[in-house]
Amino acid sequence: MTRPPPMPPSMPPSSLSPSPEGAESAIGIAQQAAVLGATLDDARAQAEAGVLIDLAGLEDRVAHLCLAAEALPRGEARMLLGPLGDLVAALGPLAAALTDQQKGREEAVAAALAGRDDPHTARQRAAAAYGRSAGPAGPGLADAGLAEAGLPDDSP
């Protein structure tokens with residue numbers, strides 16, 4: 001005969017009692033919340049590093065946890081206030097990191113559209129490849145050959 005696993009100190013013995021068929025235990029829900037919280041922390045760190053993250057399925061996972069918690073008896077559900085509260089607290093820093101990431105991307109796009117020096121614009125790459133100056137300094141040495149080759153001059 002095997003003995004049940006030791007109880008965590010914060011869980012009373014009733015949380016280990018069998019749940020109705022198909023229902024999850026408070027311990028199982030708390031563990032799922034902790035795993036999801038770690039996932040959110042990892043996503044925040046990746047977003048802060050500039051990595052695009054995929055949050056597909058997040059809403060479904062949270063909805064599942066909430067429905068499972070609602071199915072518990074009131075006393076057991078109260079024990080989940082801490083784990084679910086930690087999960088909610090992890091959403092704030094993730095949201096801030098995603099907001100900062102989006103703001104940085106919007107600023108980069110605005111800078112490129114405004115014609116600021118951006119080494120990745122097609123015009124500057126082409127100018128560098130053909131030896132033309134991309135700035136307003138005037139025609140480069142390669143421009144002299146454009147008319148001779150029958151190519152249009154696109155300088156202002």
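Start by selecting Gly-50: leaving aside neighbours within four places in sequence, Gly-50 is in contact with Gln-101 and Arg-105, where contact means heavy atoms within 4.5 Å. Before going further, note that this is a predicted model, in which local features need pLDDT of at least 70 and side-chain atom pairs count only at pLDDT 80 or more, while totals for chains, interfaces and linings use all residues. Residues are numbered from 1 along each chain as its sequence is written, and side-chain values use heavy atoms, with hydrogens and water left out.

**Stop 1: around Gly-50**

Stay on Gly-50, which sits in the loop between H1 and H2. The helices named on this tour are DSSP runs (H or I, at least four residues; strands are E, at least two), numbered from the N terminus. Gly-50 follows H1 and has a positive phi, near 90°. Its relative accessible area is 39%, so Gly-50 is partly exposed. For the cut-offs, buried means under 20% relative accessible area, exposed over 50%, and partly exposed in between (1.4 Å probe, protein chains only).

Now add Leu-98 to the selection. Gly-50 and Leu-98 are 48 residues apart along the chain, and their C-alpha atoms are separated by 9.1 Å.

Next, select Gln-101, found in helix H4. Is Gln-101 buried or exposed? Gln-101 is buried, with a relative accessible area of 13%. Not counting residues up to four places away in sequence, Gln-101 touches Ala-47, Gly-50, Val-51 and Leu-52.

**Stop 2: the whole protein**

Zoom out and colour by secondary structure. You should find six helices and zero strands, so the elements read α-α-α-α-α-α from the N terminus on. Of the 156 residues in the protein, 19% are buried. Among contacts with a separation of 6 or more, 59% join residues 24 or more positions apart. Switch on the surface if you like: the protein exposes about 11100 Å², with carbon and sulfur atoms supplying 61% of it. Such areas come from the Shrake-Rupley method with a 1.4 Å probe; for residues, only the protein chains shown count as cover.

**Stop 3: helix H1**

Select residues 26-48, which form helix H1. H1 has 23 residues and reaches 33 Å from its first C-alpha to its last, close to the 33 Å expected at 1.5 Å a residue. That expected span is 1.5 Å times one less than the number of residues. Buried residues in H1 include Ile-29, Ala-33, Leu-36, Leu-40 and Ala-47. Their cover includes H2, helix H3 (74-78) and H4.

Towards the end of this helix, show the side chains of Glu-48 and Arg-44. They meet in a salt bridge, at 2.9 Å from N to O. A salt bridge here is a side-chain nitrogen of Lys or Arg within 4 Å of a carboxyl oxygen of Asp or Glu. Side chains of opposite charge can pair when their charged atoms come close. Glu-48 and Arg-44 are four residues apart in H1, which means about one helical turn separates them. Glu-48 counts as exposed, at 53% relative accessibility, whereas Arg-44 counts as partly exposed, at 23%. How many salt bridges does a search of the whole structure find? The search finds one.

**Stop 4: helix H2**

Move on to residues 58-71, helix H2. The end C-alpha atoms of H2 are 20 Å apart, in agreement with the 20 Å that its 14 residues should span at 1.5 Å a residue. Pick out Leu-58, Leu-65, Ala-68 and Ala-69, which are buried. Look down the axis of H2: these buried residues fall within an arc of 100°, so they line one face of the helix. The arc is that of the directions from the helix axis to the C-beta atoms. On the other side of H2, exposed residues include Glu-59, Asp-60 and Glu-70.

**Stop 5: helix H4 and the core**

Select residues 81-113 for helix H4. H4 has 33 residues, and its first and last C-alpha atoms are 48 Å apart, close to the 48 Å expected. Its buried residues, among them Leu-87, Leu-94 and Gln-101, pack against H1 and H2.

Finish with the largest nonpolar core, whose 17 residues include Ile-29, Leu-40, Leu-65, Leu-80 and Leu-87, the ones that touch the most other members. H1, H2 and H4 each supply at least two residues of this core, and H1 gives the most, with seven. A nonpolar core is a set of buried Ala, Val, Leu, Ile, Met, Phe, Trp, Tyr and Cys residues joined through side-chain atoms within 4.5 Å. For a last view, centre on Leu-65, which touches Ile-29, Gln-32, Ala-33, Leu-36 and Leu-87, not counting residues up to four places away in sequence.
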